[in-house]
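User: Hey, I'm new to this one. Can you walk me through a few parts of it?
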Amino acid sequence: MVRALLFLRTRSLVNAVRVQLRKLRQPKALLGFAFLATYFWFFFFRRGNGSIATLWAPGAPQASLVPMLIPLIPTALLAFAWIAPGDEPAIPFKESEILFLFTAPWRRRALIVYKIAASLFGSFFSAFFFALLFTGRLLFSPRGLLILFAWVVLVGAIALHRMASSLTLHRLSRAGVAKPMRRRLLAAAGIAVVAVAILQLRSHLPELAAAQDPATWVRQVIGLWPLSWLLVPARILLFPFSAAPLAALGTGVAIIGILAAWILVLECPFEEASVNAAGRAAARLATMQRTGRFSFTSRPKQGRREPFPLARARTPELAFLWKNLIASGKLWLSPRTWALTAAALVALVAVLSHLMGNTYWKAGGAIATLGTITMWYGLIQGPLITRLDLRQDLGNLDILRTYPLPGWRIMAGELLAPTAVLTGIVWLGILAWYLGLHGHQPPALSMVWFSPPMRIVIAGAAAFATPFVLLAEFIIPNLAATLFPSLFRMLPGRARGLDQAGHRMLFGFGQLAGLILILAGPALLGWLATYLTHFLLGAGPALITGTVLGVVLLSAEIVLGIWFLGIRFDKLTPLSE
Amino acid sequence: MIEVAALQKRYGDHVAVRDLSFRVGPGELLGLVGPNGAGKTTTLRCLTGIIPATEGTILIDGVDLKADPVAAKRRYSFFPDEPRLFDYLTVAQHLGFVARIYGVADADTRARELLERFELTDKAGELPAALSRGMKQKLVIACGLMHNPSVLFFDEPLTGLDPLGIRRMKDLIRSLAKSGASIILSSHLLHLLEEVCSHVLILKQGVTVASGTLAEVTNRFSNGESNVSLEEIFIRATGDSET
């Protein structure tokens, strides 16, 4: 068995590397790879520090916020496996593995051992990527090997824990602890933890209020029971990063050993779930190859709730919006969910303001920062990853071409769904920014945080301009999809690789350059109008005037862009499979 | 030889296959047929050990699949409707991998023979992505025959094949049966079953509706008429279910 599996793994690895190297003979692939390598070189490899390990190293600044917050990430990943598990026990096999290995003359335990080993093998590559990303050149120092080992332990442990938790939950189901009961127990535990945490916060309010900086405040909060206990598993997983070599090695091996033993002793039937999951994964891959759209979910497709009644779609463009919102498969994209999230944000700010009084600005600053990050992420990164437009419809080009509509109307319709989705996200970010800066603020920050009326004007102007900016942004990737359709659609059998990652990165930079080009005119006009009118009208009205004028010019660009997109769409020919 | 007794497969409260019993002797070819959702795929998966049966006994050449799965699995091969291959193993490496799984002696010679037999010699160094569907199907069959199994399971073997591929597949199945293999073939294509099968088993909602030689099943549902096709027999046996 071991010989066969080693053969499978090693030959597959060698062939995969060969395929990637062979691809580099093509100039397009070479360009993508060269760009990716250059990017990594400049942004990660040239750097000699910045390692996660150095954050915990002796002498590292204790006031730094990052090392304190890092355990929250593994904690969330570990908790997620229990809070939102799949419906079936998860030992993932590919369809080819099911055909060759399930029917092979081996015991089922051998399959589980293989999967544990394969999971760790796969973790090595993710670990190497993360190590390179976070450690840079330091990875190739004597300590680099230990850092890589720590990453393998972290990534591998999270993967094995997911398997173990899913099998455990399945065993519990078979023992009579059904899903509804588990949910009730989890909800009760969650409420208890939150209640205790609030009580703890209240009793330590004076010390927290006396904190001199956000880092001290965060350290005090996460040091309080029960949060400190909840972070223990994550701290154990992260221990090898900061430990001496022998201790790191021992801990890492122990963590992986315990998790592997946990999976093996469960003796839980997994075959049916694996067969079903493999079938769904194959169907998902086929869809991805057809549409170029990646989907995380492995659930079977079900009837989805309409985002709004189709009868309200008076124009074909709105029918496209309706269709693409349904195609997103995210029921949480409904207006009701947006309203509830906004209400929850307001409630959170109200509670924190009440609890913290004049010191609310410490938490508010963090909320405003998160809001700003959300806003910028939505504006800059959002259009690259939200593909609810022509990019996901390239596989349906034959059908789109039969519609009795001019190209520009189809393209206008295709642009609406991603614009609507990202507008909602950016608006939430703006709301968080506004609410975070609400209330008392220290005099030193008043200049940076603006006056209350000015904050309203800024938030309103940003909210007004957002859908126009996003609509203009989405013209760029859709134009690229009409110019280079093959980049957006993976055909069956085409190997994915580093060159494609490079292409996507190159495209990301192109998108940014295009955005600057599109926004330069309207931004300049808006700035000029604001500057010239603020002498007469004052800052607030001047900003409103500048925004409106900028948006008018941007709208003209959008109209031109959609018209040109329509021309390109009409010339687009379906790709042959 | 395949002997199945009182096979049952349950998914929670749902019974997918109920009390299924039959026997396929050496050289016999049993066609498994039934409407969608009749339990054909579940039956095949249970018989091949891909999923465990809830109850019942499956003997492969007299070896109990549940009691001694390793010995039982050495005796059969399963050919699915879709040729599922490892993305980064070449044609020759697939055969090498299977040879290692089953511990095939003189694997290189056997692999060469199979590559020649299935006209894959020129493609020995290619990855699956470079193969047509028919070639992939051939490779899966070559892999399945690598260890000389005495029991073969085919699931929709003609899916996606061109007319020449269909002819060759039928000839292959017949020749394997002639050489003494026990074969179970699941298909919606009733003319295929009519052409190649010696026996037929009609399933409906997990229950056996009819079982026996083609002549026996035809007699049972022909109502005294002559020249009744298997398609007509199937419709009479299963009602107006969709195939």
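**A helix, a contact and a sheet**

Analyst: Sure, and keep in mind that this is a predicted model. Let's start with a helix in chain A: the buried residues of H18(A) pack against helices H17 (335–356), H21 (407–436), H23 (452–483) and H24 (498–537) of chain A.

User: Which residues of H18(A) are buried?

Analyst: Among them are Tyr360(A), Trp361(A), Ile367(A), Met375(A), Gly378(A) and Pro383(A).

User: Where does H18(A) bend?

Analyst: At Gly378(A), by about 40 degrees. The helix covers residues 360–385 and reaches 35 Å from its first C-alpha to its last, close to the 38 Å expected.

User: Switching topic: how many residues does each chain put into the contact?

Analyst: Chain B gives 26 residues and chain A gives 25 residues. On the chain B side, helix H2 (69–73) and helix H3 (91–102) each supply at least two residues. H3(B) gives the most, with 6 residues. That side of chain B divides into 16 nonpolar, 5 polar and 5 charged residues.

User: And what's the strand order in the open sheet of chain B?

Analyst: The order is S6-S7-S8-S3-S9-S10, with mixed pairing. S6 (76–79) and S10 (207–213) of chain B are the edge strands.

User: How do S6(B) and S7(B) pair, and over how many bridges?

Analyst: They pair in the parallel sense over 4 bridges. Phe79(B) stands opposite Phe154(B) in S7(B).

User: Which strands does helix H6 of chain B lie across?

Analyst: H6(B) lies across S3, S7 and S8 of chain B, at about 150 degrees to S8(B). Helix H9 of chain B lies across S3, S9 and S10, at about 35 degrees to S9(B).

Note on methods: Residues are numbered from 1 along each chain as its sequence is written. Chains are lettered from A and ligands numbered from 1 in the order in which they are written. This is a predicted model: local features need pLDDT of at least 70, side-chain atom pairs count only at pLDDT 80 or more; totals for chains, interfaces and linings use all residues. The expected span of a helix is 1.5 Å times one less than its number of residues. The bend at a residue is the angle between axes fitted to the seven residues ending there and the seven starting there. A residue is buried if 20 or more other C-beta atoms lie within 10 Å of its own, exposed if 12 or fewer, and partly exposed in between; C-beta atoms are placed from the backbone. Two residues are in contact if their C-beta atoms, placed from the backbone, lie within 7 Å. Ala, Val, Leu, Ile, Met, Phe, Trp, Tyr, Cys and Pro count as nonpolar, Asp, Glu, Lys and Arg as charged, and the others, Gly among them, as polar. Two strands pair if DSSP finds at least two bridges between them. Axes are lines fitted to C-alpha atoms, for helices over the stretch in contact, and angles run from 0 to 180 degrees between N-to-C directions.
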